[in-house]
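Have the model open in a viewer, with selection by residue number ready. The tour goes from one selection to the next.

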Amino acid sequence: MSITNLEPMSRNSFETNGAALSAGDNNSSMNLEIVASNSAETVGAAENAADNNSGKLVLSKQNQSTSLKADGGEVNSNVHIQDLIAMIRHAEKNVHLLNQARICALEDLEKILSEKKTLQGEINSLEMRLAETDARIRVASQERLHVELLEDQLKKLQTELSRRGGTLENIHDIIPNNDIIQSLSEEVNLLRTENISLKEDLQVLKAELTDIKGTGERVVLMEKEHSYFESSVKELERKITVSQEDVSKLSTLKSECKSLWERVDHLQTLLDKATKQADQASLVLQENQVLRKKVEEMEETLEEANVYKISSEKLQEYNDLMQQKIKHLDERLQRSDEEIHSYIQLYQESLNEFQDTLNILREESKRSKLAEPANDMPRKFWSRMLLMVDAWYFEKKIEFDNASLLREMIWKRDGRIRDAYMECKEKNERETITTFLGLISSADRPGLHVIHIAAEMAPVAKVGGLGDVLTGLSKALQQKGHLVEVVLPKYDCMQYEHVQDLRGLDMILESFFEGRMFRNKVWVGTVEGLPVYFIEPHHPGNFFWRGQLYGEHDDFRRFSYFSRAALELLLQLGKRPDIIHCHDWQTAFVAPLYWDIYAPKGLNSARICFTCHNFEYQGTAPASELALCGLDVSHLNRPDRMQDHSAHDRINPLKGAIVYSNIVTTVSPTYAQEVRTAEGGKGLHSTLNSHSKKFVGILNGIDTDTWNPATDIYLKVQYSVNDLQGKHDNKEALRRQLHLSSADVCRPLVGCVTRLVPQKGVHLIRHAIYRTLELGGQFVLLGSSPVPHIQKEFEEIANHFQSHEHVRLLLKYDESLSHIIYAASDMLIIPSIFEPCGLTQMIAMKYGSVPVARKTGGLNDSVFDIDDDSIPVQFRNGYTFFTADEQGFNSALDRAIYHYKNDRDSWQQLVQKNMNIDFSWDSSALQYEELYLKSVARAKAANRS
C-alpha cells in the first residue's frame, strides 16, 4: 500500500475517532506518545539517509561533469550521450533504493495504525465516563456559585464581628434572624454529601493515574527499539539516494505526523481542562474541615498527574524535534531536486542534439531515393515479394547481387515492383524473373534491416506476452519504413490458419549439432503482413513436434539447435541485417553464436539486441550441454561470461546474452530497476549492473489493430469512447452467457483474465472473489494453471460457485471470451506479486475497464492511483496498492467499487479518459528505433576508426 493510499485512510480513521479522543484517557495518551516516538525515529532515519545520499549525488555530479570535458572544453557528443544516460540510470537506481526506505517507513506507519486501533477501544470506553464526569462537574460548578455567595456572607460576618469585637456567640446581635445561618447549614450539609461522591470519583481517578507509572517502562522499551531501528537505518544510509518523486511522499508523511500531533494537542487541551476543573473542585473541598484529609489525598493525586504532564511535555518536545527534522529533510530534498533537474536538462539538451542529427540523416535519406514509394499496396504484399525474391535466390534461380538489389527495391516499396508484379500475373516463373531483373537499379536503403529470432509470435505460436510483443513491435517498425523479418521454429501445434501463402522452399538447409550436420526444411509465409521463415529440423529428436511450445525435458537442446539453425539460414540467404533481435533464454544462444562462430564466417553486419521478458526463467543447464551447438565450453564457462552463479559447472544462456549483446532491454522501466537488485535479478543483478550502460527498460505497447472495441469481431456489440452503450450491452450479454443475475443493472462486474501462477498473486485473486461479493459486486475469472495444486484449488472454488448468481470461474484459455470479459467488466484486477510489464492493464483501459493493480514492474509504469496527489490529475487512471496482502488489496478494490456506486458521472469520465490513452506500439517502437540507430552508428564509427 503506497504512502499516498495510507494518508486518506489515516485521516478518515482519525476523523471517525475524533469524538472519542475527548475522553482524555491516560492509557490512550501513553500509546500516542509511543506512536509519536516511532514516527520521530522514522523521520530521523530518513534524514540521515538524505544526508548520506546528498553527498553521493554531489560526488556523482562532480564525476559526471569531469567525464564530459576533454581537450579544452570540447565535448564528444557520443561520449556525452552515454555519460548523460548513465546519469539518468544512476538516478533511477537511486529512486529504487529510496523505495526500499519508503517500505521501512510504511512499516512504521502500519505500527501507527495498529496503535490507533488499540486506542479506538480504549477511547470508546471513556466516552460514557466522560459524559458522566461532565455532568457532575456542571453540578459542582452550580454548587460552587452557592458556596461563593456563602463565603462572601461569612466574610462580611467575620469582618463585622472583628469590628465589633464579638464572636459567633453574639451573631444574633448582628443578624436579626437565623435564616442565613440555617441556609448556610443546609448548603454545607449538601456540600458534604456531594463531597463524599467526589471522593469516590477522585479515588477512581487516582487508580487510573497510577497506571501512568508504567509509562516510563514502556518509553525505555521504545527507546531500545529506537536504537535497534537506528542501527538498521545506518546500514541503509550508504545505499539510499534522494529523488524528486519522494518529496511528495515525505510531504505526505509530514502531513500524517501533523494530523497526529493536532489530535494529541486536542487531547492535551481536554486533559488540561479536566485538571483545571479538578482544581476548582479542590477549592470547594478546602472550605470543608471534615474533608481536609481528602483534600490532601487529592493534592497527592495531582502530583502524580504532574508526572503525566511531564510526559506530555516530553511528547511535545518530540513533536518539535520531528518538525525540525522534517524541515531539514525538505531542504536536503530541495537541493537534490535541483541537482537532478540539472542532470535532466543536460540529458534533454543531448537528446535534442541527437534528434536534430537523426532528422538530418532522415532528410538526406529521403533525398537519396530514386523512386517514390508505392503506399497503395498492403504490407503483406511487400512481405510476399520479399519472400519470393529470397526463394529465387535460395533455389539458385538468381544471383546474390541481383537478389540484394531486388530486396532493396522492395524495401523502398518501389512502385516499379508493384507494376512488374501486376504485369506478370499471367506469366510463368521464368518470365516473371526476367521482368524483375529488368528493374534492377542501384538505390540507397530507406531504413534499418531488423531480423527477429524468437520462440513465439502471435497469433501463430503464442504462450505468453512474448508473442504479442514480437508481432506488435515488428508491425510498428515496419510502418516506420524499416525492413522487418522473423525467424521461428515450425511447431506442429501452430495456428496454421493465421499463416498466409505458406510454402516450403526447394532446398535443404544444413546446420551443425552434436558433432555432425543435420538437414532442415525451410518454410516461408506472411503473418500479420510480416515475412516469416519457419525452420523444420530433420533431427531424430523431433524437436518441434511435441504438441506444445515449451515445457519439454530437453528444451535446452531444442532451442540451442534452433538458434544455430536460424543464424545458418541468414548466412546461407546472404542476409546483411543491421539488427538481429533475440528474445528470452530460448534464443539467447544467438548472441555468443553470432560473435564466436558466424561473424568470422562473414555474417558480421549486425548489432545484437536482446530482450528479456521475464528474468524468472533463465534456462540453466550443465556446462557440457553448451558444446552440442558448437560453442567452446572452456571459453564461455567463466564467471564473467556464461557461468551460472549457482554452480561452477552450469551454464546460464540468459547471462550469456547479456554479456554478448550490444543492446539489452527489458519490458518496463520499473522492472529494469527491480532486476538490478538481489531479490529481483534472480542471481543476475551483478551482471546487469556490470553492463548497466547498455541495459534499459522500455514499456511494451499493445496491438491496437487486435485490441480495439470499435472493430473487435469477438464482441457482441462494438463501441467507442464516444458511445459507451455498447459496453453496457456487452455486460448484459456476458451475464446471459454465463447465467449471472441481471436483476441489478448497476451492480459492478469485476473481471480477471490471467494465468493462475504464483507470480500473478493467486491468493489475492481467491480473496477478490469473496471480497467482491461482500461489496455487492459480481466476479468473473478466466484462466488456468499449469500448477496442479493451484488448478485443483480453483476447480473446487468453481464447483462451489457453480450455480451462484454473482460468481463464475472459467478455468481455461479462450481468446474470444477474453475480449468479451474486457469489454463487459467495469473493473479488472491485476494483483501480481511481480509483473515485468503486463498487457492486461493496457487492454482493460482500452476497453473501458478500470484497472485495480499492485504497484510493481510495468503496472507501476502504466497504472496511477486516482487518489495519489503526487501524480498529475491527467495521468491518474486506476486504483493501486503496494503490499501484497488482503488489507492492501482491499484498500484499492473498496475505493474502486465505492467510486463506481456513488459517483457514476465521475466514473464515466474516468472510463472515457482511459479509453483515450495511447497504449499503441508507436512510442515504444520509437525508443527501440533510437536504440537500433545509435548502436548501428557506433558500429560504423568504430569501423571507420
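Which residue stands opposite Ile451 in strand 6? Select Ile451 together with Ile580: the residue opposite Ile451 in strand 6 is Ile580.

Some conventions before moving on. The model is predicted, local features need pLDDT of at least 70, side-chain atom pairs count only at pLDDT 80 or more, and totals for chains, interfaces and linings use all residues. Residues are numbered from 1 along each chain as its sequence is written, and side-chain values use heavy atoms, with hydrogens and water left out.

**Strand 6 and its partners**

Select residues 579-583, which are strand 6. Helices (H or I, at least four residues) and strands (E, at least two) are DSSP runs numbered from the N terminus. Strand 6 is largely enclosed by the rest of the structure, because 5 of its 5 residues are buried (under 20% relative accessible area, with exposed over 50% and partly exposed in between; 1.4 Å probe, protein chains only). Ile579, His581 and His583 are buried on one side of the strand, Ile580 and Cys582 on the other.

Add residues 449-453, strand 1, which runs parallel to strand 6 and is joined to it by 4 bridges. Two strands count as paired if DSSP finds at least two bridges between them. Next add residues 607-612: this is strand 7, paired with strand 6 in the parallel sense over 5 bridges. Thr611 in strand 7 is the bridge partner of His583. To follow the connection, select helix 14 (residues 590-601), through which the chain crosses from strand 6 to strand 7 in a right-handed β-α-β crossover (with the strands pointing away from the viewer, the path from the first strand over the helix to the second runs clockwise).

**The sheet of strands 12 to 17**

This open sheet has 6 strands in the order 14-13-12-15-16-17, with parallel pairing. Its edge strands, 14 (807-810) and 17 (879-881), each pair on one side only. Select residues 778-782 for strand 13, which is joined to strand 14 by 4 bridges; Leu781 stands opposite Leu809 in strand 14.

Then show helix 26 (residues 886-902), which lies across strand 15 (827-830), strand 16 (850-854) and strand 17, at about 165° to strand 17. Axes are lines fitted to C-alpha atoms, for helices over the stretch in contact (heavy atoms within 4.5 Å), and angles run from 0 to 180 degrees between N-to-C directions.

**Confidence**

Finally, colour by pLDDT, the predictor's confidence in each residue, from 0 to 100. The protein chain averages 80, and 71% of the residues score at least 70. Residues 1-77 have pLDDT below 50. Where pLDDT is low, the predicted coordinates should not be read in detail.
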